[in-house]
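Here is a short briefing on one structure. Please keep the sequence and the 3D view open while reading.

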Amino acid sequence: MEKAKISAIQLFILMVLYELGSALLVPLAIGAKQDAWFAILLGMLGSFILFLVYHKLYTYYPNLLPTEYMQKILGRVMGTVLACVYVLYFMYDASRVLRDFGEMLLAFAYPGTPLFIANALLILVIIYTVRKGIEVIARSGELLFIFMYVLAISGFILIVTSGLIDIENLQPTLEKGLLNPLKVAFSETLYFPFTEAIVFTMILPYLNDSKRAKVTMLCATGLSGINLAITMLINVSVLGVNLTERSVFPLLTTVESIQVADFLERLDVFFMVSMIIGIFIKITVLFYAATIGTANLFKVSSPSRLSYPLGVIILFLSITIASNVQEHLHEGLHVVKTILHIPLFIVVPFILLLLAVVKNRNKQESKNI
């Protein structure tokens, strides 16, 4: 484990940028139609319960990485196997987000560029960042956070002043009742993007004030959830439900619609820069977690040595996980949830917490005796 510390505000910033990440890119929760914003907020509220589970595990083992305390809870063999599964998941998720970046870049500005080249350029920068350690990642997040929110606020003002918003596109609210948004929330937005932040359990041991971990995690998730809900409100109010549903990158379509006084238009660069910031942080955090997890499992003294081989694996995974963008999006929004998200985000953490409570209670009783 790297000898480094980050502050609560740095953790907050990293979590916000991570959860926005690639979620801004896709038509999130559009299965709830004009109530997509509500489904996002419901998913955010549901994720609070799971974050409390992750935090409780952290309080039992504040100085250990999850790859370490899994072995303490389950035993060396089972704990190591489970830790390997999570490390592989972090690498797989990083490759999916890298594929999101490549597809966006090719669709936006470089349609003739090979996907491999686009992805390789970003992964090289991320490898360099990961080699510098968590403190550099956290400081980079602070700078990028300010820049991203300046762009976001400017974009929001331009959308409002250009007269693109049509409130009627958001009506009727809860047309089919509460059941549909609930279904979308607990089958989609709960997992993507909110509880994907389980990766931050690998970073919590670096926090310089463990008492602020819970509040920081919940506040970061709350802010990112509100931001995503506002984004979908804007997308649906500008484009309508049908166009938002059909669009691969609805926020890009919304930004392309901006036209103020026949002067300010074609502001696609707002979208592009914001997406690159979010995706860069998300891949970097996932990649860093995979690197320190692998180093911990295989007793590698310097995690930075693993950055190049793991980076190459993530790069090639990003190219091979799907044959086209439609297959990639379908796999991410529908298939991965059942196979990976439900077991890794819900089932396993609850089992680990239950076993940790029993073990610590027995240990406490033994001390009292």
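The points below cover the core, two helix pairs and four single residues.

This is a predicted model. Its largest nonpolar core has 128 residues. Helix α10 supplies the largest share of that core. Two helix crossings are described, α1 with α6 and α10 with α11.

**Nonpolar core**

- Four residues have the most contacts inside the largest core: Phe90, Phe200, Phe271 and Ile283.
- Helix α10 spans residues 268-297 and gives 17 residues to this core.
- Which residues does Ile283 contact, leaving aside neighbours within four places in sequence? They are Ala94, Val97, Leu98, Leu122, Ile123 and Ile126.

**Helix pair α1 and α6**

- Two packed helices are described by the distance between their axes and the angle between them.
- Helix α1 covers residues 8-20, and helix α6 covers residues 134-161.
- Their axes come within 9 Å and cross at roughly 60°.
- Angles of 65 to 115 degrees would count as roughly perpendicular, and those under 35 as roughly parallel. The two helices, α1 and α6, are therefore oblique to each other.
- The crossing of α1 past α6 is left-handed.
- On the α1 side, the contact uses Ile9, Gln10, Ile13, Leu14, Val16, Leu17 and Leu20.
- On the α6 side, it uses Ile137, Ala138, Arg139, Gly141, Glu142, Phe145, Met148 and Tyr149.
- By class, this α1 and α6 contact has 11 nonpolar, two polar and two charged residues.

**Helix pair α10 and α11**

- Helix α11 runs over residues 307-320.
- The axes of α10 and α11 come within 10 Å and cross at roughly 130°.
- Angles over 145 degrees would count as roughly antiparallel. At their angle, α10 and α11 are therefore oblique to each other.
- Is the crossing of α10 and α11 left-handed or right-handed? The crossing is right-handed.
- From α10, the contact takes in Phe287, Ala290, Thr291 and Thr294.
- From α11, the partners are Ser307, Leu310, Gly311 and Ile314.
- By class, the α10 and α11 contact has four nonpolar residues, four polar residues and no charged ones.

**Residues in helices**

- Asn296 lies in α10. Its relative accessible area is 13%. Buried means under 20%, so Asn296 is buried.
- Not counting residues up to four places away in sequence, Asn296 touches Leu65, Thr67 and Glu68.
- Val348 sits in helix α12, residues 325-368. Val348 is also buried, with a relative accessible area of 16%.
- Val348 touches Leu82, Tyr86 and Pro343, again not counting residues up to four places away in sequence.
- Val348 and Cys219 are 129 residues apart in sequence. Their C-alpha atoms are 24 Å apart in space.

**Residues in loops**

- Where is Arg305 found? Arg305 is in the loop between α10 and α11.
- Is Arg305 buried or exposed? Exposed means over 50% relative accessible area, and Arg305 has 61%, so Arg305 counts as exposed.
- Arg305 and Thr291 are 14 residues apart along the chain, with their C-alpha atoms separated by 8.9 Å. Thr291 is one of the α10 residues in the contact with α11.
- Ser247 is placed in the loop between α8 (213-246) and α9 (250-256).
- Ser247 is buried, with a relative accessible area of 12%.
- Ser247 touches Pro27 and Thr253, not counting residues up to four places away in sequence.

Methods:
Residues are numbered from 1 along each chain as its sequence is written. This is a predicted model: local features need pLDDT of at least 70, side-chain atom pairs count only at pLDDT 80 or more; totals for chains, interfaces and linings use all residues. Side-chain values use heavy atoms; hydrogens and water are left out. A nonpolar core is a set of buried Ala, Val, Leu, Ile, Met, Phe, Trp, Tyr and Cys residues joined through side-chain atoms within 4.5 Å. Buried means under 20% relative accessible area, exposed over 50%, partly exposed in between (1.4 Å probe, protein chains only). Helices (H or I, at least four residues) and strands (E, at least two) are DSSP runs, numbered from the N terminus. Contact means heavy atoms within 4.5 Å. Axes are lines fitted to C-alpha atoms, for helices over the stretch in contact, and angles run from 0 to 180 degrees between N-to-C directions. A crossing is left-handed if the near helix is turned anticlockwise from the far one by less than a right angle, and right-handed if clockwise. Ala, Val, Leu, Ile, Met, Phe, Trp, Tyr, Cys and Pro count as nonpolar, Asp, Glu, Lys and Arg as charged, and the others, Gly among them, as polar.
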